[in-house]
Each structure stands twice: as C-alpha cells, then as structure tokens.
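Here is a short briefing for the bench. Look over the sequence and the model, then read on by topic.

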Amino acid sequence: RTRHYKWQVNYLFWSPDCVESVLVAINGGFPGPTIRAEAGDTIVVELENKLPTEGVVIHWHGIRQRGTPWADGTASVTQCAINPDETYVYKFLADKPGTYFYHGHYGMQRSAGLYGLLIVDVAKGEKEPFSYDGEFDIILSDWWHKNIYEQMTGLYSKPFRWIGEPQSLLIAGRGQYNCSLVSAEAGGINANCNKTNQQCAPFVLSVESGKTYRLRIASATALSSLNFIIEGHKLLLVEAGGNYIEPLEVENVDIYSGQTYSFLVKADQDPSKNYWVAVNVRGRRPNTPPGLAIFNYIPTRPTSRPSTAPPASPAWNDFAYSKAFANKIVARDGFGPRVPLKSDRAIVLLNTQNYIDGYIKWAINNVSLVLPATPYMASLKYKLSNAFDHRAAPETYSPNSYDIMRPPSNPNAATGNSIYSLDFNATVDLVLQNANILMPNSSDIHPWHLHGHDFWVLAYGNGAFNPSEDFRKFNLRNPALQNTVVLFPYGWTAIRFVADNAGAWAFHCHIEPHLHMGMGVVFAEGIEKLGKFPISGLGCGETKRWLP
Ligand SMILES: O=C1O[C@H]([C@@H](O)CO)C(O)=C1O
C-alpha cells in the first residue's frame, strides 16, 4: 500500500509555550502531521517549499532508506535544499515497524519547529510481542524565544554567543511559559503571552482505569537531554528506536535528542484524580521548568490540574543513574539480526570543542565539518573531483596521548569536508571518545545519530578507550540495535554496523547547534551500485548545470 501525503512548508505564527513566535511549520499546524503506516507500505511525501526566502529538506529519522538514499533528506549529503516554490517528492519504504519521527535537516529548521512523528505499525496479520488497549504518541522538544536566525548568527559570531538553555520544554508541542517573565526578557521577542491560548493547553492523555496503554515518545530536542516520568505510574519499556528491547520496568526514562521509545503503562492508580506527566532536563545544569501534560482518568475532568507537585526526575548531574539506565537497554531475545562477532575496521572519533580563527567549533579528530555546496552523494556518483576534499578523513586522533580529562593543550582545529569510504558490506566499529571542552572541568553530552543504518550498541565506558583492553567490554550477546546513542561526559561509546546500504550517510551529534558548529562526519559505501538520482534534488553546487 502507498501512503500519500501532500505537504506545504510555511512560516506560521504559533504559541507553543503561550508566547507567540514564528515557526517553520507544515500545512499550517504544529507539530507536523503524524505519518502512520504499516510495515511494507511505501510512503510518498510531496513536499512543497512555501518558505519565501529559504530552502528546506526533511529527514526521516530512523528510516534506513534501503535502496532510496536520495530520500534521506539531508542537505549537502543526499540532496540539495529544495528552493522556494519548488517541490521534492520523498518516496521510501516503511520497512520495519517502530517509532520514528521526521524533521528539517537544513540550517537550524528543526529548532524552528519543523518536526513530527512517523509511526510504523506491524504488517496486517503480524503480532507484536506485547499487547495493549490504547495508544498515545508524543513528540518531545525544547523551545527558545530567540528565533533560529538570531541563534545561528550568535553561534557563528566572534565573540561566540551561545543559545543558552531553552525557555520551555514541550510535550506534543505544548508548554506553559510564565508570562510574568516575558517583560523581563531582553529585547527582540514578541511579548504576546497568553496562557488561555488553546495552542499551549497541556496535552491530555485520557485513560480508563484498569487498561494498559502504549506510549510512544520521540525526542526532537535541539539541545536538551530529557527524563520522562508519569506521577505514580511505572513504565515498561518495550521498544527503542524501532527495535524491540528486553522489557524493562522503570520509574522514568532518559531520552536523548534523536531517540524514541515505546512503553506500556497500566492505569492502576486511584482513578478519582489526575496525574502529572513531566519532562525534565538532564545532563546540563537546568534553567528550564519541567514540561507538563496531564494523565487523566476518565471521567475526571481532563483539564483539571493535579493538586500535587510534578514528580521529580533524578538529579540533572546523576550520571551514574543515566549510565545504569543506558546499560539496561538490550535487544529482546529472539528479535532482530544478530551482531557480527568481528569487525573489519575500527574508527575512533574524538569529540572536542575547539577554536578555529577564534570562532568556537566542535571537531572530530581535529576536523570540524563544513558541508560542501554539492551533495556528497552526487559528487561521488558523478566523480566530481573538486566538490569536496577526497583525502581520507582521519581514522583516529593524534597524538594518541591526548588527555581527554583536560582542555585541549592546542585548542585550534581545522575545518574540513573529507569522508570515510567504507567497503560495501564491511562490518565497522565506531568508538566515540568524549573529552573535556575548552572550559576546565567540563565535558558535554552528545547523542550521536547514524543515517541509513541501525547499529548495535556494544558498550559505554569511562575515560579514554583503551584499544588493547576495552574491546573485552563489548556486549556481543544481546546488544540493542539503535540509530541514536548517547556519549557521556568524559566517556566513550562503542557501536558496530554493517555498511550494506549504498549511499552517503551523515553521522553526527543530534544537538542542533553542535551539528552546525561542525560536529559530524560522513560515510559512503556502495556508490557504484546506485541508480539514477531524482534530478530535482540536484539543483545546487556543481550539479545544477545539468538541470534541463
Ligand atoms: O557548544 C556549546 O557551547 C557552549 C559553551 O561550551 C561555550 O559557550 C555550550 O554550553 C555548548 O554546549
């Protein structure tokens, strides 16, 4: 079956947290429409760009795009940004059931509200390894009152202006800003704050006592790592990133930008009242109140606010808690492909914050990614030798004595746009190595997202990865398959994937400002196997001269 959608991307006045802002929105609403398909369906989205002055693309996060790499929607990697008044048709297979989402992947448009859910149910006649009576699908995000153009200009300025912590956390696109703070905020924002605006009315999950519900959550945050909690209710995790996981009962869930989860919740508490659903910031010193929604027992009035205080999440800097949680996410026995026991290649990726000509950037093995004008995939397929730097990207960092516990002794890095060419079908290990940032005694969280593949999460470790010993810590028995994994401060994370999907694929920190400060790399494999590209995605850089 084909699921056909016609979307227009527009600027839109909207009040996600009761303060009026301008969003990049789809079909006049926010968040974007939920795509719902069954495994095996083809999804077709005709995307028309109605933004008067900027291009747009949409990435289908978690969809592997097997055989359709030109539909991955990553500007400068798989296609050109779609120009104003032009249309690009995304056509791809929803091959695997699971919880996914989509979002802008050009400039900082994701931060401007360009996102929505993409849910793939099991094919008709197939069963999931659990059951439930009802379902709620929720996208989580963070929200700034400064628009993305101001944010981006700050990131690219000298001196550097950081975006700071978000003003609000949104549950299903809804937050409640404290209007009395609006007048106190420094210049530039629209002071139109109205708590009775229906656009910011808290999301309500209405449940019947005794029934079990599946909640799907996806984090599209620009920066924040979140903890999701429902007052008084336990959560049974069953799916993560489109893959079944060993059922895990928890009080609350850590979810990093780019991750998705499904869990089951039983409505088993006193049905005469309502309960808070809350999200809180983790991993960075929070300066944002919790995002709230209402868990409503029918027939209690759905909008009646619980009289209790919102439930507390673990302390923002309780990394031991986060690591213990992350280590408990493993593959469900009997589901999904088995991890290959050996790899053909191991690439170590050191994550550092650096200066380049006095600008603050992020670098991987001392290279800060600056995307080229021509999409990599076209440059590779049509052998455009000047479109990017064809020298191999660095396989590890140097010197190997680099002290990850301290600010870089030489803080200067370089910009670059070279890639990693992978042998088709090779099994590749990636070791993400975190380090201290420019400021002493500080290391950030980075959720890393791989396009075009799922990977097995082999291990999380503390300190510098030791290649002669630490491979013994790899879980080769039941590692979870994921598309986004967290790199903890001062730690390392090892993942493994099979390069079996012809195309060029981004691998990057899913924190939007970090990506735009250079925190990503590009892999390419099997380019010679690619057929003809849709020409409508090539209207930029060196390929545009071919357009009729
Ligand atoms: O990339 C970042 O920059 C700031 C800070 O490190 C420099 O101002 C911050 O908190 C980040 O995550």
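In which loop is Pro159 found? Pro159 sits in the loop between α1 (148-155) and β10 (168-171). The model is predicted. The points below cover the domains, their interface, the ligand, a salt bridge elsewhere, and some local backbone features.

**Domains**
- The domain assignment splits the chain into domain 1 (127-327) and domain 2 (345-546).
- Their C-alpha centres are 29 Å apart.
- Contact involves 25 residues of domain 1 and 26 residues of domain 2.

**Interface between domain 1 and domain 2**
- Together the two domains bury about 2200 Å². Carbon and sulfur atoms account for 61% of that area.
- Tyr156, Lys158 and Lys323 provide 22% of the area that domain 1 buries against domain 2. No other three residues provide more.
- Eleven residue pairs are in polar contact across the interface, with both residues at pLDDT 80 or more.
- Helix α2 (residues 319-327) contributes the most to the side of domain 1 that touches domain 2, with five residues.
- That side of domain 1 comprises eleven nonpolar, eleven polar and three charged residues.
- One salt bridge is counted between the two domains.
- Arg284 and Asp444 form a salt bridge through their side chains, at 3.7 Å from N to O.
- Side chains of opposite charge can pair when their charged atoms come close.

**Ligand surroundings**
- Phe160, Trp162, Arg284, Gln353, Trp362, Ile437, Asp444, His514 and Met517 surround the ligand.
- The side chain of Arg284 places an N or O atom 2.6 Å from a ligand oxygen.
- Asp444 has a polar side-chain atom 2.8 Å from an oxygen atom of the ligand.
- For Trp362, the distance from a polar side-chain atom to a ligand oxygen is 3.0 Å.
- Arg284 and Asp444 thus appear twice in this briefing: both are among the residues around the ligand, and their side chains meet in a salt bridge.

**Salt bridges in the whole structure**
- The structure holds 28 salt bridges.
- One of them joins the side chains of Asp137 and Arg36, at 2.9 Å from N to O.
- Asp137 lies in strand β9 (residues 134-143) and Arg36 in strand β3 (residues 35-38), so this pair ties together parts 101 residues apart in sequence.

**Asn475 and its loop**
- Asn475 belongs to the loop between β27 (455-462) and β28 (481-482).
- A polar atom of the Asn475 side chain lies 2.9 Å from the backbone nitrogen of Arg477.
- Beyond its neighbours within four places in sequence, Asn475 contacts Val330 and Leu458.
- Tyr460 is 15 residues away from Asn475 along the chain, and their C-alpha atoms are 9.9 Å apart.

**Backbone exceptions**
- Most residues other than glycine have a negative phi, and most peptide bonds are trans.
- The peptide bond from Lys158 to Pro159 is cis, with omega near -5°. Lys158 is also one of the three residues named above for the area buried by domain 1 against domain 2.
- The bond from Ile298 to Pro299 is cis too, with omega near 5°. Pro299 lies in the loop between β19 (291-297) and α2.
- Ser76 is not a glycine, yet its phi is positive, at about 75°. Ser76 is in the loop between β5 (58-61) and β6 (87-93).

Definitions and conventions. Residues numbered from 1 in each chain as written. Predicted model: local features only at pLDDT ≥ 70, side-chain atom pairs only at ≥ 80, totals over all residues. Heavy atoms only, no water. Domains from an automatic or database assignment. Contact = heavy atoms within 4.5 Å. Buried area = accessible area lost by both parts, 1.4 Å probe. Salt bridge = Lys/Arg side-chain N within 4 Å of Asp/Glu carboxyl O. Polar contact = N/O pair within 3.5 Å; in protein donor to acceptor, adjacent residues only side chain to side chain. Helix = DSSP H or I, 4+ residues; strand = E, 2+ residues; numbered from the N terminus. Nonpolar A, V, L, I, M, F, W, Y, C, P; charged D, E, K, R; others polar. Near = heavy atom within 4 Å.
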